[in-house]
Amino acid sequence: MTDCVIIEDLAIDTIIGVFDWEKTQQQRLYVTLHMGWDNSIPGNSDDIADALDYDAVSRHVSAWVSGQPRELIEQVAEGIATELHQQFAVLWVKVKVAKPGAVAQAKNIAVEIYRDFAATGK
């Protein structure tokens, strides 16, 4: 399936980082999600109950990310992927987690992962 629901640059303030100073102040992450979902059903029914509720997804991801300090954006990306599959039954997901300012000489630093839950059977 190639249908997806996309949320771009969801801004989330959280404690993230490996350095001591990072563990004492919130920093902003930007999360972009591509989520595998059969959009033909809500496309034909025009019923929100058939759609992937992107507001609920945004609130859930924001709460999960800001819910506890973490060191690595890689762990944030992996955790988001697992949460989306478990809580919203997405078939696959591409998660990008960006941490602007992580490297002074770079505009942005990010990791991106792709997890196909249908292929893994999980």
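What is the handedness of the crossing of α2 and α3? In this predicted model, the crossing of these two helices is right-handed. Helix α2 spans residues 54–66 and helix α3 spans residues 73–88. Their axes come within 10 Å and cross at roughly 135°. Since an angle of 115 to 145 degrees is neither roughly perpendicular nor roughly antiparallel, α2 and α3 are therefore oblique to each other.

The residues that make this contact can be listed for each helix. On the side of α2, the contact is formed by Ala56, Val57, His60, Val61, Trp64 and Val65. On the side of α3, the contributors are Gln75, Val76, Gly79, Ile80, Glu83, Leu84, Gln87 and Phe88. Classified by side-chain character, the residues of the contact between α2 and α3 comprise 9 nonpolar, 4 polar and 1 charged.

The strands provide a further point of interest, concerning aromatic rings. A pair of such rings is described by the distance of the centres and the angle of the planes. The model contains 1 aromatic pair by the rule applied here, and this pair is formed by Trp92 and Tyr114. Their ring centres are 5.8 Å apart, with 40° between the planes, and the arrangement is tilted. Trp92 belongs to strand β3 (residues 92–98), whereas Tyr114 belongs to strand β4 (residues 110–116), so the pair ties together parts that are 22 residues apart in sequence.

The two partners can also be described by their accessibility. Trp92 has a relative accessible area of 14% and is therefore buried, the limit for that class being under 20%. Tyr114, with a relative accessible area of 43%, is partly exposed.

Notes. Residues are numbered from 1 along each chain as its sequence is written. This is a predicted model: local features need pLDDT of at least 70, side-chain atom pairs count only at pLDDT 80 or more; totals for chains, interfaces and linings use all residues. Side-chain values use heavy atoms; hydrogens and water are left out. Axes are lines fitted to C-alpha atoms, for helices over the stretch in contact, and angles run from 0 to 180 degrees between N-to-C directions. Helices (H or I, at least four residues) and strands (E, at least two) are DSSP runs, numbered from the N terminus. Angles under 35 degrees count as roughly parallel, over 145 as roughly antiparallel, 65 to 115 as roughly perpendicular and the rest as oblique. A crossing is left-handed if the near helix is turned anticlockwise from the far one by less than a right angle, and right-handed if clockwise. Contact means heavy atoms within 4.5 Å. Ala, Val, Leu, Ile, Met, Phe, Trp, Tyr, Cys and Pro count as nonpolar, Asp, Glu, Lys and Arg as charged, and the others, Gly among them, as polar. Rings of Phe, Tyr and Trp (its six-membered ring) pair if their centres lie within 6.5 Å; planes under 30 degrees apart count as stacked, over 60 as edge-to-face and the rest as tilted. Buried means under 20% relative accessible area, exposed over 50%, partly exposed in between (1.4 Å probe, protein chains only).
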